[in-house]
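The following exercises concern chain contacts, buried residues and backbone geometry. Each task is followed by a worked solution.

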Amino acid sequence: MSLTAAAATVAHTATTAAGATVAHTATTAAGATTTAADAHGFLSPTGVEIAFLLVGLVTLGAAIVTVTTRQLVHAALWLVVALGGLAVEYLLLTAEFIAWVQVLIYVGSVVVLLLFGLMLTRAPIGRSPDADSGNRWAALTVAIASAAALVWVVVDAFRTTWIDLDGAAAGSTEVTGKALFQNWVLPFEALSVLLLAALVGAIVLSRKAKATPATASTPSGLSVSAARSAKAANTTPANETPATETAPNEMPATETPDSGTADNGTPAGATADPDKGGAL
Amino acid sequence: MTTTTLAVLVPLLPFLGAAAGLLLGRTAPGFVRPLAVLPTLAAFVLAVLVALRQGGGRSIDAATELTPTGSVPIELALHIDGFAALVAVLVGLVATCVQIYSTGYLRDDARYPSYAALVSLFTSAMLLVVYSGDLMVLLVGWEIMGICSYFLVGHYWETPEARAASIKAFLVTKLGDVPFLIGIFALAVDAGSFRITTVLGAVASGGLDHPTLIALLLLAGVAGKSAQFPLHTWLPDAMAGPTPVSALIHAATMVAAGVYFIARLLPVFAASSAALLVMAVMAAVTMLGSGLAALAQDDIKRVLAYSTIGQLGYMTGALAVGDRGAAVFHLLSHGAFKALLFLAAGVIIHAAGTNSLAATSRMKGLRDRVPDAYWTMTVALLALAAIPPFSGFFTKEAVLGAAEHVATGHAEGIPGAAGWIVLVTGLLTALLTGAYAMRLWLLAFHGRGAEAPDHGKQPLAMNAVLWLLAVPSLAFGLATGALSDWFDGRDLTPTLTTSVLGTGLALVGGLVTYGAWKHTTALAARVPMGAVAAHPEGDAAQVEAEALASHAPAYGDVAAAPDPADPGRLLLGPLHRHAAVGFHLDAVYTTLFVRPVQAGASLVRFLDREVVDTYVHGAGAVPRLLGAAVRRAQTGNVQTYVSALLAGTVVLAVAAVLVATGA
Amino acid sequence: MHLTYPAVLSALLFCTGLYGVLARRNAILVLMSVELMLNAVNLNLVAFDVWLSRAAEETLHSGQALTLFTIAIAAAEIGIGLAIVLAVYRNRGTSDIDKLRDTAEGPDSDGPDSDGRGTDGLDSEALAAQKAEATA
């Protein structure tokens, strides 16, 4: 309940900061009926709406930077901003439990996981000129077209619809918990099975290259060496370890099926698995 | 055995021999020669038996219906009268001689089995034509002969001349055979039957509706088969075949089939005086033109080929004046002596290693090398020139007598003009015949210059046959009195006027040629010429093939040679140039038929290549272009795919929204 | 609050993520864009759930429940996705999406995606066959 109170105070402070009297009249009128369009106007923003708009602009801006920046690590960091902005939007919509879940899972683990992924794939630090593929203009066209279509449809459909944010929080932990464990308990349990499956899947995928060393030793060795040579030709800056050092490390790893080779510092498998577990 | 059975066996035996020869030719080479000679010999003996039993009396008729056709029935019918019996004997005799001769002539030839089988098949077909009493069955034999002729003329298919000649022979005879087929159908429709006896009965009762049309259509086929003007041009070129083939097909039998056919159906032709006039003019042009052309040829066999055309012209002339007895009489004697001439010419070509008269006229002592050929050929040439008492005299005088009989108005229903035309041109041709016979004899055997090469003695099979054939050439005339019973009973003995005129003109022709030869032969030493075969030790067929192939390169033409010592050149004067190439008839054909056909073919080729193929290629190119475009879309880049997918989704969604909102 | 604001923001975020999915080269950045799209959907769900919880008498809070599910599934997806990307990176030495073109048609396939298992030979053979076909 303290969380709900905090959210309420945040909302109220935002409202008072924006300009009190107009907002109050608006919210009281909205309380009578949600479909009475004449009681509301497009140019009658409440404080919550203004805050929502500003945070939304920040979120959208961060998202756009995320998909356009040429620095890959920065993209992950801007993603943090966007996801955090969304968490604030959830708070403004009085869905506070989801907001915290958003912060915990997305900002806390998903982005970290993405950063791990970037590093494990030796993503270049700094500006990389080829971050965007040649498909950019087609992508831009499709994105703008779909944005126009969606915005048009959404605005056309809901231009006379208001959300009443007064009263009890719609997404407090209590409400959400009740709904989840009364009405949605079976899907919730099913979800846990799905997570387990994803866990197992991630492990299997990560260990696949070493799972059958005896039969596939020569082809996998060949493919690894081919990958090495292709990567060397890619002129990756190779910041911490040169490719020539890891290649002899991997070759015996593929030849001997002994489990003791895992501690040789293979880049992908052994270190990725605990991360998956932590993420889930 | 009944006469009918014997008669059926006559064509059947060579056919079985041909089939067995074709089947066993590779597996059992030892049987090939007996299989070639024995059935033909047996057919000859049986034909003689049939002729003796028939005896010139009533014709033998037998028929069995082959299959119900629904309209005009087709029957396996025999119709053996005196003509058929005697012509069958001639065919059997010549075919037997040729088969025996071929065993020596094509001694080492790798393709002898198929050659012998084809000759047997040919003999069978000719005998079928002779004995058949049904026009459709006759036509079957007629066409089998055509295809056998095609194969046999092209026996030396390694040489381009032989290939061209075989195709030409086939196409030109087919040019006549198509109207011939239509004519047979028209005749059968008018008469209501394919049976010859029924047809003749219908003609006698005036049942033919279109006699002139039918006669002219049939005449086209006859002109093609019997090498009459204007369809004769294939015969000189057909000399590119082996000499025995020339003797059998292109002298004695196949070319006689046309004449024999008219003789069988003479009432049909006689029903139309226009057809008789056309025949007379055709015969006249053929006789004169071939006589002149024969005087200008350099190839021995081409001289004989033009001579054959001329003698066939005599027969056609006899038929044009309505006397089939004289025609078939001349056919018989001509078949014998012309076969002899060809076979002897084969011996000469083998011995001299060349077929060029210009070359043999520069060889001394060739007659001593081939005495048999020399004497028999002399006999045959005398018969050809119609010098009494050789066989040709009696038969040719029968023709001239018949023409005179008509010209003086003693025959009813036959235009007198036809008689005059045949008589006058026949006498002129007698002069020309004497001239070219003398020229051939002088140039072939009385050459002066280097000694003739010695290629050893000819095989016995070849020489013996020559003497065998010399007998009828010499003595066939004695049968004149006995044979009149066989030929409609007309008297065939020569009349005084035509005998004196014809023999005198022939003698004049021979003497003038002799004088000219005396005058020109001195030039021969000054202009050395000649080319002989590269492998004189080979068998005769190989020598002949090489001689044929080398004639055009050595003398500039397959027919003529630029020989100033040729008496024919002196006699013909400015005409020689045209006569040597057959009076440019080939050029006319080239202009009239070959070029238009080739132009049409190139037009069709153009249409096919440029127009039809354009559509075909377009039909292929459009899908290929589409495929290339679609393939270009398959970049493997997932983002491209998803872009296209989402773009399509957006378009669909917008469209759905627009439709849903009624916009 | 006007419902249009969260709905439009959600649409714009979704399309931004869409652009990222279509335009980014690095597979991990594509995954980030997918996260953006998922979050846009989440925002929509939450906004409409809040609106519905006021407008309707009885509500199951399905929007929020589904948002939670989506978040969980997104987390699982990112785990699997990263595992796949890492596996691809280990095998191919790159995580660039537009270089993974094994499904490309014909001769357009270029170097890095044609792994060393003899597909080059197959490609050249197919090319020769095509040329022969074209000339025929």
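**Exercise 1. The interface of chains C and A**

In chain C, 73 residues are in contact with 95 residues of chain A, two residues being in contact if their C-beta atoms, placed from the backbone, lie within 7 Å. The model is predicted: local features need pLDDT of at least 70 and side-chain atom pairs count only at pLDDT 80 or more, whereas totals for chains, interfaces and linings use all residues. Residues are numbered from 1 along each chain as its sequence is written, and chains are lettered from A and ligands numbered from 1 in the order in which they are written.

Task: determine which helices of chain C supply at least two residues each of the side that touches chain A, and how its residues divide into nonpolar, polar and charged.

Solution. Step 1: the helices are H1 (4-23), H2 (27-55) and H3 (62-92) of chain C; helices (H or I, at least four residues) and strands (E, at least two) are DSSP runs, numbered from the N terminus.
Step 2: H3(C) gives the largest share of this side, 23 residues.
Step 3: the division is 47 nonpolar, 17 polar and nine charged. Here Ala, Val, Leu, Ile, Met, Phe, Trp, Tyr, Cys and Pro count as nonpolar, Asp, Glu, Lys and Arg as charged, and the others, Gly among them, as polar.

**Exercise 2. Chain C and Ile97(C)**

Task: describe the secondary structure of chain C and state where Ile97(C) is found.

Solution. Step 1: chain C has four helices and zero strands, in the pattern α-α-α-α along the sequence.
Step 2: of its 136 residues, 55% count as buried. A residue is buried if 20 or more other C-beta atoms lie within 10 Å of its own, exposed if 12 or fewer, and partly exposed in between, with C-beta atoms placed from the backbone.
Step 3: Ile97(C) is in the loop between H3 and helix H4 (119-135) of chain C. Because 22 other C-beta atoms lie within 10 Å of it, Ile97(C) is buried.
Step 4: leaving aside neighbours within four places in sequence, the contacts of Ile97(C) are Ser133(A), Val638(B), Gln639(B), Arg25(C), Ala27(C) and Val30(C). The C-alpha atom of Ile97(C) is separated by 8.3 Å from that of Arg24(C), 73 residues apart along the chain.

**Exercise 3. The nonpolar cores**

Task: identify the helix that gives the largest share of the largest nonpolar core.

Solution. Step 1: the largest nonpolar core has 231 residues, and those with the most contacts inside it include Leu340(B), Leu343(B) and Ala344(B). Such a core is a set of buried Ala, Val, Leu, Ile, Met, Phe, Trp, Tyr and Cys residues joined through C-beta atoms within 7 Å.
Step 2: helix H15 (residues 324-352) of chain B gives the largest share of this core, 20 residues.
Step 3: leaving aside neighbours within four places in sequence, Ala344(B) is in contact with Ala373(B), Thr376(B), Met377(B), Ala380(B) and Leu466(B).
Step 4: apart from this core lies another, of 100 residues, among them Leu113(A), Ala179(A), Leu12(C) and Leu18(C).

**Exercise 4. A hairpin in chain B**

Task: state how many bridges join strand S1 (residues 60-67) of chain B to S2(B).

Solution. Step 1: seven bridges join the antiparallel strands S1(B) and S2(B); two strands pair if DSSP finds at least two bridges between them.
Step 2: opposite Ala77(B) in S2(B) stands Ala63(B).
Step 3: the two strands form a hairpin with six residues between them, and Gly70(B) in the turn has a positive phi of about 95 degrees.
Step 4: strand S2 (residues 74-80) of chain B is largely enclosed by the rest of the structure, because six of its seven residues are buried.

**Exercise 5. Unusual backbone geometry**

Task: locate two cis peptide bonds and two residues other than glycine with positive phi.

Solution. Step 1: the bond from Phe229(B) to Pro230(B) is cis, with omega near 5 degrees. Pro230(B) lies in the loop between helix H8 (211-225) and helix H9 (234-237) of chain B.
Step 2: the bond from Pro388(B) to Pro389(B) is also cis, with omega near 10 degrees. Pro389(B) is in the loop between helix H18 (371-384) and helix H19 (391-407) of chain B.
Step 3: Ala386(B), in the loop between H18 and H19 of chain B, has a positive phi of about 65 degrees. Ala386(B) is buried, with 31 other C-beta atoms within 10 Å.
Step 4: His61(C) has phi near 55 degrees and lies in the loop between H2 and H3 of chain C. His61(C) counts as buried, with 24 C-beta neighbours inside 10 Å.
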